[in-house]
Amino acid sequence: HQDTRSHARHIHADEASNIGLTVKTLEDDDELQDIVLSIHHAYMSTFWGTPTIKIIESDNGHTMAIKLK
């Protein structure tokens, strides 16, 4: 928190690795990159094309979308 001042700021992969975290970059795994980008694009299409402002998904398949009225 002292370095970033916000949870919205990222930590670069090199820095995360240097502090002992296991890091797997998308660029090192084509299949993982395709999956992550497909999900990202689906979310972006939802946000751009609908009044949805937040999507919450659980690990057991439950989804909730919050929309502007």
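Helix α2 covers residues 30-49, and because a helix is expected to rise 1.5 Å a residue, its 20 residues should span 28 Å, which agrees with the 28 Å that separates its end C-alpha atoms. The structure discussed here is a predicted model, and the points below move from this helix and the loop before it to the two strands and the nonpolar patch on the surface.

**The start of helix α2**

- The N-terminal end of α2 is capped by Asp29, which places a side-chain oxygen 3.2 Å from the backbone nitrogen of Glu31.
- Asp29 also forms a salt bridge with Lys24, in which the closest N and O atoms are 3.0 Å apart.
- Side chains of opposite charge can pair when their charged atoms come close.
- The count of salt bridges comes to one.
- Lys24 has a relative accessible area of 59%, and it therefore counts as exposed, since the cut-off for this class is over 50%.

**Thr25 in the loop before α2**

- Thr25 belongs to the loop that runs between α1, residues 13-18, and α2.
- The side chain of Thr25 makes a polar contact of 2.7 Å with the side chain of Asp28.
- With a relative accessibility of 23%, Thr25 counts as partly exposed, because this value falls between the limits of 20% and 50%.
- Thr25 is 11 residues away from Asp14 in sequence, and the C-alpha atoms of these two residues are 10.0 Å apart in space.

**Ser6 in the segment before α1**

- Ser6 is found in the segment that comes before α1, and its relative accessible area of 25% makes Ser6 partly exposed.
- Ser6 and Ser45 are 39 residues apart along the chain, and a distance of 27 Å separates their C-alpha atoms.

**Thr52 and Lys67 in the strands**

- Thr52 is part of strand β1, which consists of residues 52-57.
- The relative accessibility of Thr52 is 7%, so this residue counts as buried, the cut-off for that class being under 20%.
- The side chain of Thr52 is joined to the side chain of Thr50 by a polar contact of 2.9 Å.
- When residues up to four places away in sequence are not counted, Thr52 touches Thr46, Phe47, Ala65, Ile66 and Lys67.
- Lys67 is located in strand β2, and, with neighbours within four places in sequence left aside, Lys67 is in contact with Pro51, Thr52 and Ile53.
- Lys67 and Ile55 are separated by 12 residues in sequence, while their C-alpha atoms lie 9.0 Å apart in space.

**The nonpolar patch on the surface**

- A nonpolar patch on the surface is formed by Ile53, Ile56, Met64, Ile66 and Leu68, which together have about 440 Å² of accessible area.
- The elements that contribute two or more residues to this nonpolar patch are β1 and β2, the latter made of residues 63-67.
- Ile56 lies in strand β1, and this residue is partly exposed because its relative accessible area is 35%.
- Ile66 lies in strand β2, and this residue is also partly exposed, with a relative accessible area of 32%.
- Ile56 and Ile66 are 10 residues apart in sequence, and the distance between their C-alpha atoms is 8.3 Å.
- Leaving out residues up to four places away in sequence, Ile56 touches His62, Thr63, Met64 and Ile66.

How values were computed:
Residues are numbered from 1 along each chain as its sequence is written. This is a predicted model: local features need pLDDT of at least 70, side-chain atom pairs count only at pLDDT 80 or more; totals for chains, interfaces and linings use all residues. Side-chain values use heavy atoms; hydrogens and water are left out. Helices (H or I, at least four residues) and strands (E, at least two) are DSSP runs, numbered from the N terminus. The expected span of a helix is 1.5 Å times one less than its number of residues. A polar contact is a pair of N or O atoms within 3.5 Å; within protein, one must be able to donate a hydrogen and the other to accept it, and residues adjacent in sequence count only if both atoms are side-chain atoms. Buried means under 20% relative accessible area, exposed over 50%, partly exposed in between (1.4 Å probe, protein chains only). Contact means heavy atoms within 4.5 Å. Patches are made of residues with over 30% relative accessible area and no salt bridge: like charges are joined within 9 Å, nonpolar side chains (Val, Leu, Ile, Met, Phe, Trp, Tyr) within 5 Å. Accessible areas come from the Shrake-Rupley method with a 1.4 Å probe; for residues, only the protein chains shown count as cover. A salt bridge is a side-chain nitrogen of Lys or Arg within 4 Å of a carboxyl oxygen of Asp or Glu.
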